[in-house]
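Subject: Handover of a structure for your study

Dear colleague,

Please find the structure below, together with its sequence. I would be grateful if you would keep it open while reading the notes that follow.

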Amino acid sequence: MNNARRTEEKVFSFMEEHHMLKAGDRVVAGISGGADSLCLLFVLLEWAKRTPLFLAVVHVDHGLRQESGEDARYVEALCRSLEIPFYLTRADVKARAERDKCSEEEAGRSIRYEAFSQAAEDFGAGRIAVAHNSNDLSETMLFHLFRGSGLKGLCGIPPVRDEIIRPILCLERPEIEGYLKERGISWRKDATNEEDDYTRNRIRHHILPYAENEIAPGCVARMSRTARILSETEDYLEVQTKEALKRCVRAASPGAAGEEALKEGAFAVIDRNLFVKEHPAIRARMLHCLLKELWPGHKDMEYVHIQAMMTLFTQEGNRSVSLPFGMNARREYDKVILEKRAPQDRGAPSEDRGEFFPVFIGTGELGETPLRVGLGVWGEAELTLLLAEKHREVPQRECTKWFDYDKINKPLVFRTRQKGDYLTLSDGRGGQMHKSLKDYMITEKIPKDKRERILVLAQEHHVLWLAGWRISEYYKINGNTKRILQVQLRRDCGGSETEEGYGREH
């Protein structure tokens, strides 16, 4: 058996293991013209010789490269020679990214899957085949790990999700290129894949090769095995979480009758005594599951919300936690109730109305003993005054920042952004300039729906720190600094120094 045939058999076994296709299925395959997608196409054609299927190809021209039109023509000509139905979608990814206030990478992904779904509908297909491989899986695992993802994110890319199938997820890039070369199949090269503009490309070009060559040869294959183990663990925990929800949670619809009824707008009641008996890992998953039901897509749900809700079960006394989009969680004796906030309650933060947490400094209470400031769902901040002559090692932790204390001459406040906020940035010529916070967020492509939830430390409208992103150049310490204001964020008020969900630091 030659290498090409072994590669095909490896993919076939993988497809059978995950029940990807059956005889007579109609499938659309996303084909870019690159090595991965052409390997997918020709392996599916070989599969069709043993298990009949109806295959069509969809190609998306993102409009980002001058040669993208040539890619489309190449794939179309290939499909014509193979007598395969061909669907072409042309899109303006840059315009979509600007419209949706997201990165071009995110916009391109959305456009591709919309095109795949439309082609599947037109072709009457129940399956959409995409060309992710083992290296993509490893890159995704690392990407999610660096972002502080939970177990589900560390599982990487699933072989099957709804109608999406990934037949060559079991293959590494060298296997793919070797297969095509042996079969004499040429492929198109996307120059943007060689650039480091995207985070995933930097992982692909620098981190994974270094790990493979210098740390653990064969790491991509081992990470694939780890992903499988984690996926099995995730599936098991998902079952356990659903069982725990049945034990601990009582859902209620607004207006329910009887003495057990909840108030208008209630979502669910959690029995505190039963909840605390569950394993801590299951408790967090239960809350995550409930919040996911509250916010379909859960893009606006973050670790901080889970931790804030957890305090309702672990700390004594009736209290409440405000959550995004008009939701509230409150402790009522032995129950925790998820509900819509009353109309008089404060809604989601905006540029004109947000969460405010004043910081009182310069009154003699700030010193080497930290001043603690409660930040609601953001956790807690610790502020400490340090002498520069005794502290020279600038902290590298994302949750801890230093500022020149003597440049602060007005009260500080932790809050969400307001109109008129600005940062001081380097002008690239040794000087400084002001930039509105709104313009900075647009330049940095911070998603619009996330901007209202990023914590800001400000002196009036001058932003010292956009938590998770950057600090102001004006307040940075230098050789003339005498006193340092150290600000440390503690999300769970229990010593955690992670900054998961805040964004990224500069």
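His-434 has a relative accessibility of 57% and therefore counts as exposed, since the cut-off for that class is over 50%. This residue belongs to strand E18, which covers residues 432-436. Please bear in mind throughout that the model is a predicted one. Leaving aside residues up to four places away in sequence, His-434 touches Tyr-422, Leu-423 and Thr-424. Tyr-422 is twelve residues from His-434 along the chain, and the C-alpha atoms of the two are separated by 6.4 Å.

The chain as a whole

The protein chain has 506 residues, of which 48% are buried. Its secondary structure consists of 15 helices and 22 strands. If one takes the contacts between residues at least 6 apart in sequence, 66% of them join residues at least 24 apart.

Two pairs of helices

In general, a pair of packed helices is described by two values, the angle between the axes and the distance between them. For helix H2 (residues 35-50) and helix H3 (residues 68-82), the angle is about 10 degrees and the axes are 13 Å apart. Angles under 35 degrees count as roughly parallel, so H2 is placed in that class with respect to H3. On the H2 side, the residues that meet H3 are Leu-38, Leu-41, Phe-42 and Leu-45. Their counterparts in H3 are Tyr-74, Leu-78 and Leu-82. Sorted by class, this contact comprises seven nonpolar residues, with no polar and no charged ones.

The second pair consists of helix H4 (residues 93-100) and helix H5 (residues 104-123), whose axes come within 8 Å and cross at roughly 110 degrees. Because the range from 65 to 115 degrees counts as roughly perpendicular, H4 and H5 are described in that way. H4 contributes Val-93, Lys-94, Arg-96 and Ala-97 to the contact. From H5 come Glu-104, Ala-107, Gly-108, Ser-110, Ile-111 and Glu-114. By class, the contact of H4 with H5 has four nonpolar, two polar and four charged residues.

Salt bridges

The whole structure contains 31 salt bridges. One of them joins the side chains of Lys-49 and Glu-46, with a distance of 3.0 Å from N to O. Both residues are in helix H2, and they are three residues apart, about one turn of the helix. Are these two residues buried or exposed? Lys-49 counts as exposed because its relative accessibility is 64%, whereas Glu-46, at 14%, counts as buried.

Glu-46 also forms a salt bridge with Arg-183, and here the closest N and O atoms are 3.6 Å apart. Arg-183 lies in helix H8 (residues 173-183) and Glu-46 in helix H2, so this pair ties together parts that are 137 residues apart in sequence. With a relative accessibility of 33%, Arg-183 counts as partly exposed. Glu-46, Lys-49 and Arg-183 are among the members of a network of salt bridges, which also includes Arg-5, Glu-8, Glu-9, Glu-16 and Arg-50.

A further salt bridge links Asp-71 with Arg-188, the closest N and O atoms being 2.6 Å apart. Which parts of the chain does this pair tie together? Asp-71 is in helix H3, and Arg-188 is in the loop between H8 and helix H9 (199-215), so the parts joined are 117 residues apart in sequence. Asp-71 is buried, its relative accessible area being 5%. Arg-188, at 25%, is partly exposed.

An open sheet

As a general point, the strands of a sheet pair through backbone hydrogen bonds, and the pairing is either parallel or antiparallel. In this model, four strands form an open sheet in the order E13-E14-E22-E15, with antiparallel pairing. Strand E13 (371-374) and strand E15 (400-404) stand at the edges; each has a single partner strand, and therefore one side of each has no neighbour in the sheet. From one strand to the next, the twist averages 25 degrees. E15 is joined by five bridges to strand E22 (residues 483-490), and these two strands run antiparallel. Trp-402, for instance, has Gln-486 in E22 as its bridge partner.

Yours sincerely,
A colleague

Conventions:
Residues numbered from 1 in each chain as written. Predicted model: local features only at pLDDT ≥ 70, side-chain atom pairs only at ≥ 80, totals over all residues. Heavy atoms only, no water. Axes fitted to C-alpha atoms, helices over the stretch in contact; angles between N-to-C directions. Parallel < 35°, antiparallel > 145°, perpendicular 65-115°, else oblique. Contact = heavy atoms within 4.5 Å. Nonpolar A, V, L, I, M, F, W, Y, C, P; charged D, E, K, R; others polar. Pairing = 2+ DSSP bridges. Salt bridge = Lys/Arg side-chain N within 4 Å of Asp/Glu carboxyl O. Buried < 20%, exposed > 50% of the residue type's maximum accessible area, 1.4 Å probe, protein only.
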